[in-house]
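Please look over the sequence and the model below before reading on. The paragraphs after it go from the whole chain to its core, its helix pairs and a few single residues.

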Amino acid sequence: MLFVLLPGFSKAQEYMPMHSAETGYITDMILFYHGGREMMDYDTEFMKKHLYRVDEEGDFQWLFDSFLFLSIYGPERRFFDGTFKGNIARKQEWIWLIEEYFKQEKAIAALNTVLDSLDRQQIKPLRKRKIVLSIPNPVEGQKDWGKLGSKTMDFSNPEDRLAAVKWFVDECVRQWKKNKFEHLELAGFYFFKENSTGDEKLIPSIGDYVRRHGYKYYWIPYLWAKGYDKT
């Protein structure tokens, strides 16, 4: 258990213990910026370097046990959060992001391929490696996102914003089940926006939906961001 004492604070801050039920039994998570045009090619060779190493004595060592995939922008440099200056991602970019997550022999699939190869050599981790997927921010006020069913989404409406996020989560879960990654576990979802400005109700509502489906919900505000102590 760790405690941090910062200037201006009269009490220590307590952190969740590592490798516990509260953390989903995750010890070491790595963030992969994924999908953007200048991002790295997350093929099997790349993933090997983050899954394990073999030292000079030939001893095998596991490395990261969980992997967070996050994309800042998609095609045409359309951003998945309104914090950045530029055009905002629409439904078609959200679909593109899901396709990037589940592209054959890349990213998640590449991790599973490497683990499958190790499994055939009788090299198995104690637990499945875990995956966390980033949820784009349905930017407040956006009107060109697209349709759900026959309804054109208007992100001036809080219900439409939440509906788009639910659709995204459902599509990711559907793709996950379709792919049947036998060596991986979908651990949870991470909400991209790093402060709660204007989203004091949306952020917890997303968490409620994610947790109802049995997944962990991750939200990581930047240092002293609005709402860091509320969610």
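What follows is a guided reading of this structure, beginning with how the values were obtained.

The model is predicted, so that local features are reported only where pLDDT is at least 70 and side-chain atom pairs only at pLDDT 80 or more, whereas totals for chains, interfaces and linings use all residues. Residues are numbered from 1 along each chain as its sequence is written, and side-chain values use heavy atoms, with hydrogens and water left out.

The chain holds 5 helices and 11 strands, where helices (H or I, at least four residues) and strands (E, at least two) are DSSP runs numbered from the N terminus. Of its 231 residues, 45% are buried, a label that stands for a relative accessible area under 20%, with exposed meaning over 50% and partly exposed the range in between (1.4 Å probe, protein chains only). The accessible surface, computed by the Shrake-Rupley method with a 1.4 Å probe and with only the protein chains shown counting as cover for residues, comes to about 13,000 Å², and carbon and sulfur atoms supply 52% of that surface. Among contacts (heavy atoms within 4.5 Å) with a sequence separation of 6 or more, 65% join residues 24 or more positions apart.

In soluble globular proteins, nonpolar side chains tend to be buried together. Here the largest nonpolar core, meaning a set of buried Ala, Val, Leu, Ile, Met, Phe, Trp, Tyr and Cys residues joined through side-chain atoms within 4.5 Å, has 62 residues, and the members that touch the most others are F69, I108, L133 and F189. Helix α4, which spans residues 158-179, gives this core its largest share, with 9 residues. Residues up to four places away in sequence aside, F189 has contacts that include V132, L133 and I135, then V169, C172 and V173, and also V210 and Y215.

Two packed helices are described by the angle between their axes and the distance between the axes. In what follows, axes are lines fitted to C-alpha atoms, for helices over the stretch in contact, and angles run from 0 to 180 degrees between N-to-C directions. The axes of α2 (residues 91-101) and α4 come within 10 Å and cross at roughly 25°, so the two helices are roughly parallel to each other, the term used for angles under 35 degrees, while over 145 counts as roughly antiparallel, 65 to 115 as roughly perpendicular and the rest as oblique. Their crossing is right-handed, which is to say that the near helix is turned clockwise from the far one by less than a right angle, anticlockwise being left-handed. On the α2 side of this meeting are K91, W94, I95, L97, I98 and Y101, and on the α4 side are A164, V165, W167, F168, E171, C172 and Q175.

For α1 and α3, the axes come within 9 Å and cross at roughly 65°, which makes α1 roughly perpendicular to α3. This crossing, too, is right-handed. T44, M47, K48 and L51 of α1 meet a set of α3 residues including A107, A110 and L111.

Some single residues add detail to these elements. In α1 (residues 44-51) sits H50, which counts as buried at 16% relative accessibility and, apart from neighbours within four places in sequence, is in contact with I30, F32, L63, F64 and F67. E93, in helix α2, is buried with a relative accessible area of 2%, and beyond its neighbours within four places in sequence it is in contact with P75, R78 and F80.

The loop between β6 (66-70) and α2 contains T83, which is exposed at a relative accessible area of 54%; the C-alpha atoms of T83 and K193 are separated by 7.9 Å, although their positions lie 110 residues apart along the chain. R77 is found in the loop between β6 and α2 and is partly exposed, at 45%.

Most residues other than glycine have a negative phi, and most peptide bonds are trans. R77, which is not a glycine, nevertheless has a positive phi of about 50°, and A107 likewise has a positive phi of about 50° without being a glycine. A107 lies in helix α3 (residues 107-120) and is buried, with a relative accessible area of 0%.
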